[in-house]
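Here is a short briefing on selected local features of this structure. Please keep the sequence and the 3D view at hand while reading.

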Amino acid sequence: MPGKLKVKIVAGRHLPVMDRASDLTDAFVEVKFGNTTFKTDVYPKSLNPQWNSEWFKFEVDDEELQDEPLQITVLDHDTYSANDAIGKVYIDIDPLLYSEAATVISGWFPIYDTIHGIRGEINVVVKVDLFNDLNRFRQSSCGVKFFCTTSIPKCYRAVVIHGFVEELVVNEDPEYQWIDRIRTPRASNEARQRLISLMSGELQRKIGLKVLEMRGNAVVGYLQCFDLEGESGLVVRAIGTACTLDKLSNTSAFLPACNSPSKEMKEIPFNEDPNPNTYSSGPSTPLKNQTYSFSPSKSYSRQSSSSDTDLSLTPKTAPSPQGPRIFLFPSSPTLSCDSPHLKKSCLLLSGSSIKPLHSSHVSPVVLRKSVSFTEELLLAASGMGSGSAGKEGGPFKTLLRQQTQSALEQREFPFFTLTTFPPGFLVHVGGVVSARSVKLLDRIHNPAFVGIMGNTRSYKLLDWNSFNSDEPETRDAWWAEIRQEIKSHAKALGCHAVVGYSESTSICEEVCILSASGTAAVLNPRFLQDGTMEGCLEQRLSWQPGFFSIGSEKGEVDFFPQSQDSSSLLGIEEASPPGCGFCHIPYDELNMPFPAHLTYCYNCRKQKVPDVLFTTIDLPVEAIVVGKGCLIQARLCRLKKKAQAEANATSISNLLPFMEYEVHTQLMNKLKLRGMNALFGLRIQITVGENMLMGLASATGVYLAALPTPGGIQIAGKTPNDGTYEQHISHMQKKINDTIAKNKELYEINPPELPEEIIGSPIPEPRQRSRLLRSQSESSDEVTELDLSHGKKDAFVLEIDDTDAMEDVHSLLTDVPPPSGFYSCNTEIMPGINNWTPEIQMFTAVRVSRLSNINPTNQTLNKNFNDLCENLLKSLYFKLRSMVPCCLCHVNFTVALPEDELVQIAVTAVAITYDKNQALQANKAPTEKSQQRASTDNEEQLQFPLELCSDPLSSQPFSPAKEVLEGASSHTGIPAAQRATSLEKASPLAEGYLRHRSVPSGTNSTVSVVKMTPLSFLPGAKITKYLGIINMFFIRETTSLREEGGVSGFLHAFIAEVFAMVRAHVAALGGNAVVSYIMKQCVFMENPNKNQAQCLINVSGDAVVFVRESELEVLPPQPAAAAQPTGAAGDVTT
Amino acid sequence: MSSDLDVFVGNTTLIDEEVYRLWLDGHSVAEAVARRLRGGLLEREATSVAVLQSDTRDHYRTFQMLERLLHAPPRLLQQLLFQIPPERQALLVQRYYAFDEALARELLGKKLSKGTKKELDEVSARTGVGIRSCRRQFDNFKRVFKAVEELRGPLAENIQQLFLLPPSLARDYAAIVFFANSRFETGKRRLQFLSFGDFAACAQSMMAHWSQGALAPEAAEPDGDLPKSFLQDLKELKVLVTDKDLLDQHKSLVCSALRGKISVYNELEANFKVIEPCRSDKWSPGDLRLFLQHYTAAPRNLPGFRHQALWERYMAAISACLLRMFHD
């Protein structure tokens, strides 16, 4: 019995009138945890009851504490009939379970009812007394901290980054149980809310256990999602990155200890390997990922329909179902990417051991898949190590192969959900890797079907057998396949890790598309081993020979299987300049996985870089950027025939490659149009609906100084003899050129001119361009014959040979730049802006539009979809016009297709104001970009000494403030005037602290302000404490839609309610902000005929305490001095 | 492609003052959009009509949801649903409870009943205030009236506390409540020239001097009601008018006191009851003030008049009112 949960119900206010006769309410409260329920007395005839209950005590074990939510129900007492429920509050007590977070939950919570929304508020106090449990075999994982933030949280230092953790839990969806037919919508909604709450608790506990197994103490970049699979159930799954974090305040104490080892490590590798360059080859082009997207998964999947992503196939070869949609051929990068693939596929066809699942269906997809598998091996075999230095080809190869094999056998994946890293962590970035697979859901609960599946391979049957007994296994297997695929793609890019990794699903009826994507990268092993310093002696011993092969028993990822390899990496890392090193290609130049054209890095001129770089991560702080960034989106619709089950899945998987291809083409074109050469934060979402697929890719374009200047876009007409046509073409060309010029001005892209000879790269021959003709008849063999050597071309060529192409070009030009004073990006920070002012406005906008064409075509749909997105953006700019100059950061679009012809787009983002004048100055010195981050963490600079002594991780901002705060909190009794004067100098923090606390404490005063942001930081403020994760799931339903203001009124109110409940929980934890806030799900369904609607929303984020920097400024700039005393005080904090 | 559903929700609730104004004035979304267009917003912000419509609808929805809370402003401060900075909250409340004086003037002294509400159409036509706005303002009056009807203590302070209004606005509401409660007839033709401000000032004087609270702050009666005892007592003062003797004596006393001090002495005698004559005779406010002073003080010297304190209390308010009313 390791824990005691104590709950006190203080009061209620603004309760609804439950008794029409008296216009009053006789309210009482039920407090339930697990199977125990307590009740307060009835407080008669009041809308503002004062219960002031005793402490209700629940004695529970900590497993239960982690899984169960505290459930508080407010009811109206009725002598003669059943008591009416007014509403509920679910409180996740997880934040109370680890020491550094909140110690008490106390405050006003909105009383929520799934039918009526918020109905008054209730004041509750919750505490937990935890007894230490030394039981090694315990099932709980209390004490493991969770963070949604996808970087090392400020005020912590990563001692070790262990790697990927994942888990999923499956259950039946109460909404689909038989009992749902006889119970009320309210009961059903509540059952669902409760179940999901339970499941997420369980999931979190299980993930926590895995983290403990890995000897970590925290999960960073925790992302939990729900798959509402309908009849087949409800899946709650989560991924994250296990870390060992250390509170920064403690660093001073243990710095000396870690110092020496880390130095050692740095040096040793350096000495050992004289050839640091082994790994230093180039970058990937974006398309590349697709190239690799083949799916092994398919072979295991039960249905034939599984497929993958790869765009890589050139569309030409594919007999596309709809009549081939033709692509503009973008130009070299695309082509070049594709071609290798194709070639290989030819090669492989003969040799591939895996057979296409449907033999009848020799689609390119299938080909590709089989191919890609081999391809990967090929790549591995080809020896990525043979870089410019070119030595050690042989041994390296074998090593790699070994590694590949061992990695395949390994259960864990070298994935990181982080998108921002400590400086130096990221050595090279290969490019985006992604994988998708289409699955059928209905079979899960329908074993009878298994036998009928005609074309199912035996694998699948095997796979199926397990489903009955253990459903999660099935889902696990699905994801495992995808992850394998991702892993192999990364390997093909010469990378051992995937960063910025995420997973998602799109479900329509019984079809589900699973997607995963990330950025292939080479990481600095130093950060992965640091853990040893922590004092696991055995580990250190075991390392000695291999140095880098960290015990896999621990579940850590084996990044650098062999010491030479890794040491060489280290060497590189030391050698390459921080501003461009990550751009240098990790793969072998002579044996590239795809033809790309490489040049010497424009920054250091030593290593090769690709012409374009796509990634899913945030822009590294140290990256050297020219000008500003901007949000770039590719949008795409594809019609699909309505079909059942397998036929449906098949047609979807056939469409996927085309979609991915086009999305990439669009991205590439739009990137060029803006005169930029890299994408960060790339997120491609493919959504499946009844009769169409939609693709939406968002990313932030930037100009990386290390990469070559992008060539322009050149338009080529197909019928050169037609005079007017020529004219038209030249007119368009002019428009495009003008747009590029305008964009360069707008985004301040003026890279310094470099003399050509220094670059020494293949010199572009601008005249040369190869034309690709689209034709359906071409077979894949023919394709390989195409001249794919555009590697040397400088301009992107857009071929216009029909009206579609024309429209594509037009649509390129329809993207309107944001109005002046606005910038936008989907990453954490806007490249090129570094002087944020504290005003922020987080918002969610949702639109559902009817695509009302009678005979929709892909073109009209595309246009509609494009307009929808553009109008939405326009609308956002207009709404936020009073904040100018400002930047929309972390713009996150989510597309859903709730029913036929309906498209739903949800956007969450934050608008942040900045100081224009300062911005101008800053632009003059773009290299100081890293300061950007520093705006949030002044002390980064201050902490330089720490950083130098060992560990860049320690540069994670700051620490002292919090401790000081804690200390100061005891002074709260000091009168305000005195505070203002005397404390100001002594400890300005105290004042800030007091200011923040005083607001929430007074019940009569106005409600305390809680900021919300999808970013991991607050501009102009320091996060001093993480209070725990907020993960909330709500359902709202109405049977009086018109009366509530129609669909818009209904959803508007619901979103506002969700915000309110998040804020209330944060405030009750003692926090004043939510960072890394994300709306993971917004499922809206309506039935206007019945006047009904239902909506489910799932949000999460990190509750934090922040202090304004202006209140910190007086702090003496002596970090070292400050750190020590506070470090000592650190233990006092509980 | 039409947007069926289109919402924008900020963590900090966006309040557009212009749209709020339009909403308060009772314009429909379409009308509001039209007016915003006329304001040149489109050109200034380089946006589209669709964007403007969507924006206007968002604001209107927000205001509709806020309206419930605006009915009890302290709830607006405590509620958790909308995060609105305090100064914005104050602005919302203040604008919501601000009223058109023309409308208030029309309704002054009328019973705030359903019947009156039905007549709002005419009032709207007369005053040029939109009918929806009229109804909202009427409801505001009624809501404030109901809320303070039974409360003790100074009316204006009660209103200020319950509705978080700025002091001046609270005083105006106090006046409205006072008139609604005591049903002074303000609609008479002779009073037409008086504005709402005049009446509000009068109401304040009357409350200040005549109400229970003016005498004993802890009194049981609300300020809006004039104490019955006082009204009873006033009957005693009738002697000053009804008793011809006293009236004449009073008159002569005043006249003698004022002789030489007032430029329009000749007409003085005729002016004992009403303001109109004063106006037509072009009295200066100074003259009137002087007259009233003496008029108030004079009975002290009247033999057999025992109600001087009462008289002075009465006259304090009357004087203030008369002075206020005596304007051009």
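## Briefing: selected local features

Setting aside neighbours within four places in sequence, Thr519(A) contacts Val429(A), Gly431(A), Val432(A), Val433(A), Ala497(A), Val498(A), Val499(A), Thr615(A), Thr616(A) and Ile617(A). The model is predicted. The points below take up Thr519(A), strand β5(A), Arg475(A) and helix α11(B).

**Thr519(A)**

- Thr519(A) sits in strand β15 of chain A, which spans residues 511-523.
- Its relative accessible area is 0%, so Thr519(A) is buried.
- Among its contacts are Val429(A), Ala497(A) and Thr615(A).

**Strand β5 of chain A**

- Strand β5(A) covers residues 70-76.
- Of its 7 residues, 7 are buried, so the rest of the structure largely encloses the strand.
- In a regular strand, side chains alternate between the two faces of the sheet.
- In β5(A), both faces are covered.
- One side carries Leu70(A), Ile72(A), Val74(A) and Asp76(A), all buried.
- The other side carries Gln71(A), Thr73(A) and Leu75(A), all buried as well.

**Strand partners of β5(A)**

- Strand β2(A), residues 27-33, runs antiparallel to β5(A), and 6 bridges join the two.
- Within this pair, Glu30(A) has Thr73(A) of β5(A) as its bridge partner.
- Strand β6(A), residues 84-91, also pairs with β5(A) in the antiparallel sense, over 7 bridges.
- Here Leu70(A) has Ile91(A) of β6(A) as its bridge partner.

**Arg475(A)**

- Arg475(A) belongs to helix α11 of chain A, residues 471-492.
- Buried means under 20% relative accessible area.
- Arg475(A) has 3% relative accessibility, so this residue counts as buried.
- Arg475(A) and Val169(A) lie 306 residues apart in sequence.
- In space, their C-alpha atoms are 9.1 Å apart.

**Helix α11 of chain B**

- Helix α11(B) spans residues 155-163, and its buried residues are Leu155(B), Ala156(B), Asn158(B), Ile159(B) and Phe163(B).
- These buried residues cover an arc of only 160° around the axis, so they lie on the same side of α11(B).
- An α-helix has 3.6 residues a turn, so residues three or four places apart point the same way.
- Glu157(B) and Gln161(B) are exposed on the other side of α11(B).
- Leu164(B), just after α11(B), takes a positive phi of about 55°.

Technical notes: Residues are numbered from 1 along each chain as its sequence is written. Chains are lettered from A and ligands numbered from 1 in the order in which they are written. This is a predicted model: local features need pLDDT of at least 70, side-chain atom pairs count only at pLDDT 80 or more; totals for chains, interfaces and linings use all residues. Side-chain values use heavy atoms; hydrogens and water are left out. Helices (H or I, at least four residues) and strands (E, at least two) are DSSP runs, numbered from the N terminus. Buried means under 20% relative accessible area, exposed over 50%, partly exposed in between (1.4 Å probe, protein chains only). Contact means heavy atoms within 4.5 Å. Two strands pair if DSSP finds at least two bridges between them. The arc is that of the directions from the helix axis to the C-beta atoms.
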